[in-house]
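Reader: I have a model open and would like to go through it with you. Where should we begin?

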Amino acid sequence: KMGDELFPRKDGKILTSDTDYLDVWKGMEALQSTGKVKSIGVSNFSILQLERLLALCKVLPAVNQVLLLNHTHMPPRSSSSFTAGLL
C-alpha cells in the first residue's frame, strides 16, 4: 500500500505486500540496462531465495548484503541469559 505511513495498518494489523521479489528484480535489471544504475544486488536473502533468483534472472546479483554482528567486545554472558532469551 502506498502512503505516508512507514508500517500501514488495517484493523491493528500491519499490511503486507504481495509483490514478488522476482518482479522487483526484473525492474532493477531494466534499470541497469538503461545505464541508470551500475550494479544491482540483494540484502539478507536466504539460500532458497538466492537459488530461486539465480534460476530466473538475467543479471547476477553483485552482492548479498548481510548484517553480521561481532559481539567479541561484549563481556561473556551466563548460559541462563541465552536460555531466557535475553540475548
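Author: With one term: contact here means heavy atoms within 4.5 Å. Keep in mind that this is a predicted model.

Reader: Fine. Which residues is Leu53 in contact with, leaving aside its neighbours within four places in sequence?

Author: Leu22, Trp25, Val42, Phe45 and Pro61. Leu53 also belongs to the largest nonpolar core, together with Leu22, Trp25, Ile40, Val42, Phe45 and Cys57. That core has seven residues in all.

Reader: What do nonpolar side chains tend to do in soluble globular proteins?

Author: They tend to be buried together.

Reader: Back up a bit. How many helices and strands are in the protein?

Author: Three helices and four strands. Starting at the N terminus, the order is β-β-α-β-α-β-α.

Reader: And what share of the residues count as buried?

Author: 13% of the 87 residues.

Reader: What about contacts between residues at least 24 apart?

Author: They make up 26% of the contacts between residues at least 6 apart in sequence.

Reader: Now the helices. At what angle do helix 1 and helix 2 pack?

Author: About 50°, and their axes are 11 Å apart. Helix 1 covers residues 21-34 and helix 2 covers residues 47-56. An angle of about 50° is neither under 35 degrees nor in the range of 65 to 115, so the two helices are oblique to each other.

Reader: Is the crossing left-handed or right-handed?

Author: The crossing of helix 1 and helix 2 is right-handed.

Reader: Which residues meet there?

Author: From helix 1, Tyr21, Leu22 and Trp25; from helix 2, Gln49, Arg52, Leu53 and Leu56. By class, that contact has five nonpolar residues, one polar and one charged.

Reader: Ile40 was in your core list. Where does Ile40 lie?

Author: In the loop between helix 1 and strand 3. Its relative accessibility is 7%; buried means under 20%, so Ile40 counts as buried.

Reader: What does Ile40 contact, leaving aside neighbours within four places in sequence?

Author: Trp25, Met28, Glu29, Gln32, Val59, Leu60, Pro61, Ala62 and Val63. Met28 is 12 residues from Ile40 along the chain, and their C-alpha atoms are separated by 6.9 Å.

Reader: Next, strand 4. What about Asn64 there: which residues does it touch, not counting those up to four places away in sequence?

Author: Asn64, in strand 4 (residues 64-65), touches Val42, Ser43, Asn44, Phe45 and Leu50. Asn64 and Val42 are 4.8 Å apart, C-alpha to C-alpha, with their positions 22 residues apart in sequence. Asn64 is partly exposed, at a relative accessible area of 25%.

Reader: You mentioned Asn44. What is its phi?

Author: Near 60°, which is a positive value in a residue other than glycine. Asn44 lies in the loop between strand 3 (42-43) and helix 2. At 49% relative accessibility, Asn44 counts as partly exposed.

Reader: What sign of phi do most residues other than glycine have?

Author: Negative. Asp11 is another case to look at, with a positive phi of about 55° although it is not a glycine.

Reader: Where is Asp11 found, and is Asp11 buried or exposed?

Author: Asp11 is in the loop between strand 1 (9-10) and strand 2 (13-14). Its relative accessible area is 74%; exposed means over 50%, so Asp11 is exposed.

How values were computed
Residues numbered from 1 in each chain as written. Predicted model: local features only at pLDDT ≥ 70, side-chain atom pairs only at ≥ 80, totals over all residues. Heavy atoms only, no water. Core = buried A, V, L, I, M, F, W, Y, C linked by side-chain atoms within 4.5 Å. Buried < 20%, exposed > 50% of the residue type's maximum accessible area, 1.4 Å probe, protein only. Axes fitted to C-alpha atoms, helices over the stretch in contact; angles between N-to-C directions. Parallel < 35°, antiparallel > 145°, perpendicular 65-115°, else oblique. Left-handed = near helix turned anticlockwise from the far one by under 90°. Nonpolar A, V, L, I, M, F, W, Y, C, P; charged D, E, K, R; others polar.
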